[in-house]
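Student: I'd like to learn how to read a model like this one, feature by feature. Can you take me through it?

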Amino acid sequence: MPNTINVKMHCLKRWRLICVTVALLFCSALPAMAILQNPDRHQVEQALTRGNESGRERHLPNELYWHFGSTKQFEPHGFLVTKVSALAVLSGHFALRGEQPTDQDIQRVLGEDALQVVVKVFGYSPGFARESYVLIQQGNQLVKPTRIRFDARAQAVGQHQGRPIFRAKIIGVFPYNSIDLQGRTTLLVFPGAGGEIKFDLDFSAFP
């Protein structure tokens with residue numbers, strides 16, 4: 001009986017060891033996640049390859065950005081323009097034309113010193129997004145954008161609850177050295193017509 005127990009315990013230990021080993025191998029095969037301020041050569045090549053393959057399959061390049069927010073119609077959502085995603089989108093645009101980006105094109109993207117946050121919001125008048133604003137909150141720190149753009153006149157996109165509804169784009173630009181690129185983040189959006197929209201983001205999940 002004791003021998004039987006020992007054999008079972010030995011098998012259990014071996015099984016646990018195998019599971020841990022497989023888990024470690026699986027995790028090591030996954031790409032490192034975080035917003036990359038200075039992607040290395042391998043990461044640049046991966047992004048360009050991803051965009052090229054997407055373009056050859058005739059996918060829309062903008063799908064390669066890292067999206068957040070609701071997937072429902074007429075609800076706020078957006079995407080982050082990081083160096084890695086911008087390279088993939090650049091390569092995707094060129095691939096649609098059967099071309100490849102030049103070294104100058106690539107260096108222009110790598111030379112960007114700021115994260116770009118693009119938010120699409122919805123309202124019931126063409127001018128609802130005028131004077132909109134965005135902020136990044138990380139812990140007790142509030143980070144203001146160095147540049148902000150918004151659609152002074154929103155685009156009509158259909159009917160909602162019996163009323164015409166409009167979509168506007170708000171863009172905030174935040175220097176990389178002003179934010180924690182691996183931290184949990186709340187994106188605060190203030191449409192010009194009033195109100196507040198919050199997005200809870202984990203920057204460590206965006207390459």
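Tutor: Sure. One term before anything else: contact means heavy atoms within 4.5 Å. Helices (H or I, at least four residues) and strands (E, at least two) are DSSP runs, numbered from the N terminus. Also, this is a predicted model, where local features need pLDDT of at least 70 and side-chain atom pairs count only at pLDDT 80 or more, while totals for chains, interfaces and linings use all residues. Residues are numbered from 1 along each chain as its sequence is written, and side-chain values use heavy atoms, with hydrogens and water left out.

Student: Which residues of helix 2 and helix 3 meet?

Tutor: From helix 2, V44, A47, L48, R50, G51, N52, G55 and R56; on the helix 3 side they meet V84, L87, A88, S91, G92, A95 and L96. By class, that contact divides into 8 nonpolar, 5 polar and 2 charged residues. Here Ala, Val, Leu, Ile, Met, Phe, Trp, Tyr, Cys and Pro count as nonpolar, Asp, Glu, Lys and Arg as charged, and the others, Gly among them, as polar.

Student: At roughly what angle do the axes of helix 2 and helix 3 cross?

Tutor: Axes are lines fitted to C-alpha atoms, for helices over the stretch in contact, and angles run from 0 to 180 degrees between N-to-C directions. For helix 2 (residues 41–56) and helix 3 (residues 83–96), the angle is roughly 40°, and the axes come within 7 Å.

Student: What are the elements of the protein chain, and in what order do they run?

Tutor: There are 4 helices and 10 strands. Starting at the N terminus, the order is α-α-β-β-α-α-β-β-β-β-β-β-β-β. Among contacts with a separation of 6 or more, 67% join residues 24 or more positions apart.

Student: Now the interior. Which residues touch the most other members of the largest nonpolar core?

Tutor: The general idea is that in soluble globular proteins, nonpolar side chains tend to be buried together. Buried means under 20% relative accessible area, exposed over 50%, partly exposed in between (1.4 Å probe, protein chains only). A nonpolar core is a set of buried Ala, Val, Leu, Ile, Met, Phe, Trp, Tyr and Cys residues joined through side-chain atoms within 4.5 Å. In this model the largest core has 27 residues, and L80, L187 and V189 touch the most other members. Strands 3, 4, 8, 9 and 10 each supply at least two residues of that core. A second, separate core of 19 residues includes V44, A47, L64 and L90.

Student: And S132: is it buried or exposed?

Tutor: S132 is buried, at 2% relative accessible area, although its place is in the loop between strand 3 and strand 4. A polar atom of its side chain lies 3.0 Å from the backbone nitrogen of G192. Beyond four places in sequence, S132 is in contact with I148, F150, I170, F190, P191 and G192.

Student: What about the phi of E131?

Tutor: E131 has phi near 60°, a positive value in a residue other than glycine. E131 counts as exposed, at 64% relative accessibility. Q161 also has a positive phi, near 55°; Q161 sits in the loop between strand 7 (155–160) and strand 8, and at 70% it counts as exposed.

Student: How far apart are I35 and D202?

Tutor: They are 167 residues apart in sequence and 9.9 Å apart in space, C-alpha to C-alpha. I35 is buried, at 4% relative accessibility.

Key. Polar contact = N/O pair within 3.5 Å; in protein donor to acceptor, adjacent residues only side chain to side chain.
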